[in-house]
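Please open the structure in your viewer and keep the sequence panel visible. The tour below proposes a series of selections and describes what is found at each one.

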Amino acid sequence: MIVQALIQAAGSGVRLGLGPKAFVRLDDCTLLERAVRLANRVAASTIVAVPASEIERATALVGAEGVRIIPGCSSRSETTRRLIAEATAPWLLLHDVVHPFVDLDLVERLLGEAARSGAAAPGLPNSEFLYDRSGALLHGPEDVLIGQKPVVFSREAVLAGYAFSPASDGSSDPSLLDILERGGVRTTFVAGRSTNIKITTEDDLLLAKALIEREKA
């Protein structure tokens, strides 16, 4: 199974307030370095999308044989589309620097499931009642799954999905799993983890630092 890793690292980090998220430090390294280290353990090569103004900085951190750095786009979905357009391997692993606690065990489970079904992602059951904004109940605990990263999928399937999906004009931000379904592949979920957090706000970063300290204990 030949795998190419695609890393989303083009976020501006406006909500976090510390500049581009790729360069936020967590313990002894940046989120970008942490993501590339994981990718290097499972992928034959890696493509990283960073803000266009930060390519030189990213190259200094993670530039090496087998790692290519490209400029990202203004939206997450368009950056994903650009990464996939640059990919060449039959199997792709889409990761995001804002998920710094993905481990090798999860990735290996995703690779195994994707080989069987065509696409796989981690999913975490909801632990609370979910309501719409009017207060109407939508789902009880454990009724639905919260999707996490990374996602492993067939390049053939995602290209087929994009053939039915015109490039975004910025007014929508389609899910990769929706694109895959348009290409004929429904993503299978494997068990996610509550520690696979997404760093978006200052509180998320504080939680991440606490998890690092727990790892060291």
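Select Asp173 in this predicted model. Is Asp173 buried, partly exposed or exposed? Its relative accessibility is 42%, so Asp173 counts as partly exposed, since that class lies between the 20% and 50% limits. Asp173 belongs to the loop between helix 5 (155-163) and helix 6. Now add Ile55 to the selection: 118 residues separate Asp173 and Ile55 along the chain, and their C-alpha atoms are 24 Å apart.

**Strand 4 and its neighbours**

Next, select residues 45-50, which form strand 4. Five of the six residues of strand 4 are buried, and the strand is thus described as mostly covered. Add residues 3-8, which are strand 1; strands 1 and 4 pair in the parallel sense over five bridges. To see one of these pairings, display Leu6, whose bridge partner in strand 4 is Ile47.

Then add residues 67-71, strand 5, which also pairs with strand 4 in the parallel sense, over five bridges. Here Val48 stands opposite Ile69 of strand 5. Follow the chain onward from strand 4: it passes through helix 2 (residues 55-62) and arrives at strand 5, forming a right-handed β-α-β crossover.

Remain on strand 5 and select Ile70, which is found there. Ile70 has a relative accessible area of 7% and is therefore buried, the limit for this class being under 20%. For a distance across the model, add Ser175: the C-alpha atoms of Ile70 and Ser175 are separated by 21 Å, with their positions 105 residues apart along the chain.

**The nonpolar core**

In soluble globular proteins, nonpolar side chains tend to be buried together. The largest nonpolar core in this model has 43 residues. Which residues have the most contacts inside this core? Select Ile7, Ala9, Leu32, Val48 and Val97 to display them. The elements that give two or more residues to the core include strand 1, strand 4, strand 5, helix 4 (104-117) and helix 7 (202-216). Helix 1 gives the most, with seven residues.

**Two pockets**

Rolling a probe the size of a water molecule over the atoms shows where empty space is left. The largest pocket holds about 700 Å³ of space. Of its 32 lining residues, select the closest to the centre: Gln8, Arg76, Asp96, Lys149 and Lys198. Then colour helix 3 (76-86), strand 6 (91-96), strand 7 (119-125) and helix 6 (176-182), the elements that give two or more residues to the lining. By class, the lining of the largest pocket consists of 14 nonpolar, twelve polar and six charged residues.

Move on to the second largest pocket, with a volume of about 230 Å³. It is lined by 16 residues, and the closest to its centre are Arg34, Arg37, Leu38, Pro100 and Val102. Which element supplies the largest share of this lining? Select helix 1, which contributes six residues. Helix 1 (31-42) and strand 6 each supply at least two residues. The lining of the second largest pocket divides into eight nonpolar, two polar and six charged residues.

**Backbone details**

Most residues other than glycine have a negative phi, and most peptide bonds are trans. The next three stops depart from this pattern.

- Select Lys149 and Pro150, which are joined by a cis peptide bond with an omega of about 5°. Pro150 is placed in the loop between strand 10 (145-147) and strand 11 (151-154).
- Select Asp27, a residue with a positive phi of about 65°, in the loop between strand 2 (25-26) and strand 3 (29-30). Its relative accessible area is 42%, so Asp27 is partly exposed.
- Select Glu142, whose phi is positive and near 65°, in the loop between strand 9 (137-139) and strand 10. Its relative accessible area is 64%, so Glu142 is exposed, the limit being over 50%.

**A last stop in helix 4**

Finally, select Gly112, which lies in helix 4. Gly112 has a relative accessibility of 25% and therefore counts as partly exposed. Add Val152: Gly112 and Val152 are 40 residues apart in sequence, and their C-alpha atoms are 9.5 Å apart in space.

Methods: Residues are numbered from 1 along each chain as its sequence is written. This is a predicted model: local features need pLDDT of at least 70, side-chain atom pairs count only at pLDDT 80 or more; totals for chains, interfaces and linings use all residues. Side-chain values use heavy atoms; hydrogens and water are left out. Buried means under 20% relative accessible area, exposed over 50%, partly exposed in between (1.4 Å probe, protein chains only). Helices (H or I, at least four residues) and strands (E, at least two) are DSSP runs, numbered from the N terminus. Two strands pair if DSSP finds at least two bridges between them. A crossover is right-handed if, with the strands pointing away from the viewer, the path from the first strand over the helix to the second runs clockwise. On a 1 Å grid over the protein atoms alone, a cavity is a set of points where a 1.4 Å probe fits but cannot get out, and a pocket is an open set with protein on both sides within 12 Å along at least five of seven lines; lining residues have an atom within 4 Å of a point. Grid points are joined across faces, edges and corners, and a volume is the space filled by probe spheres set on the points. Ala, Val, Leu, Ile, Met, Phe, Trp, Tyr, Cys and Pro count as nonpolar, Asp, Glu, Lys and Arg as charged, and the others, Gly among them, as polar. A nonpolar core is a set of buried Ala, Val, Leu, Ile, Met, Phe, Trp, Tyr and Cys residues joined through side-chain atoms within 4.5 Å.
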